Amino acid sequence: MAMASKKPTPAATTTPMTSSQPQVILTQDDLKKIAAYKAVEFVESNMILGLGTGSTAKHAIDRIGQLLKQGKLNNIIGIPTSKQTHQQALSLNIPLSDIDTHPVLDLAIDGADEVDPDMNLVKGRGGSLLREKMIEGCCKKFVVIVDESKLVDYVGGSGLAMPVEIVPFCWKFTCKKLENLFVGSGCVAKLRCDGNSDPFVTDNGNYIIDLYFKKDIGDLKEAGDKILRLAGVVEHGMFIDMATTLIVASEMGVTVRHK
């Protein structure tokens, strides 16, 4: 798929939206739900599943819980990527475990904040990037679900944040170091704060620095390596070459692309 133009390539398949009812304007949340339900079609009984975090992944987890309750799925074990997802899965009676017990997962389903033309992702605007990367990095298949608004020409192309999780110690020092790495891309680095203007704290007790780029940062692996070499950095929100399937929902239909 030429992602930026939102047109499928021969490697993609598109299922049109069809209905005998008058056309209904779909909200962004409707599109997220459509993509999530399509992703759950990849789930089979007896699987170990990575359960993502965020508004799109929430729909997928709800659907998995529904199918378990109906007996259409059996013997599923979920590995949650956040405390929030852990609580949601428990409320749906989805059996849970962790990657200490199950170091290889069959499948993970999660959303993304950005997807570039090569299916590289930005994730972590919900604050769960470290656990997401640990869990989604050890699964055989990683299905990413988005609505078409998440498609970008390049990482950072939406003008929104590319998150970096850091230790709280001397966070201003680390923030400045991160900003200086990408001066050529017009980078602005900001500490993420909660609704009370206090630093946002991740499930791991860390802070998040949000990086905003005015230009393409170039080679993503090189950029990621530079970030991780900084003392004080825990992990960045670029998920490079990790997605195996991309599901995009738009008013024109659902597009499924495999790598």
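# Cores, helix faces and salt bridges in a predicted model

Glu-132 and Lys-123 are both buried. In this predicted model, the two residues form a salt bridge whose closest N and O atoms lie 3.5 Å apart. The pairing extends further, since Asp-110, Lys-123 and Glu-132 are linked in a network of salt bridges.

A search of the whole structure returns twelve salt bridges, and two others deserve attention here. In one of them, the side chains of Asp-210 and Arg-192 meet at an N to O distance of 2.8 Å. This pair ties together distant parts of the chain, with Asp-210 in strand β10 (residues 207-212) and Arg-192 in the loop between β9 (188-191) and β10, 18 residues apart. Asp-210 and Arg-192 are both buried.

In the other, the side chains of Arg-125 and Glu-114 form a salt bridge with an N to O distance of 3.0 Å. Here too distant parts of the chain are linked: Arg-125 belongs to the loop between β6 (121-122) and α4 (129-136), Glu-114 belongs to strand β5 (residues 114-115), and eleven residues separate them. What is the relative accessibility of Glu-114? The value is 1%, so Glu-114 counts as buried, given that the cut-off for burial is under 20%. Arg-125, by contrast, has a relative accessible area of 21% and is therefore partly exposed.

The description now turns to the nonpolar interior. In soluble globular proteins, nonpolar side chains tend to be buried together. The largest nonpolar core of this model holds 26 residues, of which Val-43, Leu-49, Ile-64, Ile-109, Ile-145 and Ile-247 touch the most other members. At least two residues of this core come from each of α1 (28-40), β2 (48-51), α2 (55-70), β4 (105-111), β7 (139-147), β13 (245-250) and β14 (253-258). Ile-109 illustrates the packing: leaving out residues up to four places away in sequence, Ile-109 touches Ala-39, Val-40, Val-43, Gly-50, Leu-51, Gly-52, Ala-57, Ala-60, Val-143 and Ile-145. Apart from this core lies another, of 22 residues, including Val-155, Leu-178, Tyr-207 and Met-238.

Leu-178 also leads to helix α5, where the buried residues are Thr-174, Cys-175, Leu-178 and Glu-179. Why do these residues line one face of the helix? Viewed down the axis of α5, the buried residues fall within an arc of 135 degrees, so they line a single face. An α-helix has 3.6 residues a turn, so residues three or four places apart point the same way. On the face of α5 turned away from the buried side are the exposed residues Lys-172 and Phe-173. The buried residues of α5 pack against β8, β9, β10, α6 and β11.

Helix α6 (residues 220-228), one of those packing partners, has Leu-220, Ala-223, Gly-224 and Ile-227 as its buried residues. Seen down the axis of α6, these residues occupy an arc of 100 degrees, and they therefore line one face of the helix. The elements against which they pack are β8 (162-166), α5 (171-181), β11 (233-236) and β12 (238-239). At the start of α6, a side-chain oxygen of Asp-219 comes to within 3.2 Å of the backbone nitrogen of Lys-221.

Two buried polar residues complete the tour. Asn-206 is found in the loop between β9 and β10. With a relative accessible area of 10%, Asn-206 is buried. Setting aside residues up to four places away in sequence, Asn-206 touches Glu-165, Ile-166, Val-167, Pro-168, Phe-200, Val-201 and Val-234. With one of these, Glu-165, the side chain of Asn-206 makes a side-chain polar contact of 2.9 Å. To place Asn-206 relative to Ala-57, 149 residues away along the chain, the C-alpha atoms of the two are separated by 23 Å.

Gln-88 lies in helix α3 (residues 83-91) and is buried, with a relative accessible area of 14%. Beyond its neighbours within four places in sequence, Gln-88 is in contact with Lys-58, Ile-61 and Asp-62. Which side chain makes a polar contact with that of Gln-88? The partner is Asp-62, at a distance of 2.9 Å.

Definitions and conventions. Residues numbered from 1 in each chain as written. Predicted model: local features only at pLDDT ≥ 70, side-chain atom pairs only at ≥ 80, totals over all residues. Heavy atoms only, no water. Buried < 20%, exposed > 50% of the residue type's maximum accessible area, 1.4 Å probe, protein only. Helix = DSSP H or I, 4+ residues; strand = E, 2+ residues; numbered from the N terminus. Arc of directions from axis to C-beta. Contact = heavy atoms within 4.5 Å. Polar contact = N/O pair within 3.5 Å; in protein donor to acceptor, adjacent residues only side chain to side chain. Core = buried A, V, L, I, M, F, W, Y, C linked by side-chain atoms within 4.5 Å. Salt bridge = Lys/Arg side-chain N within 4 Å of Asp/Glu carboxyl O.
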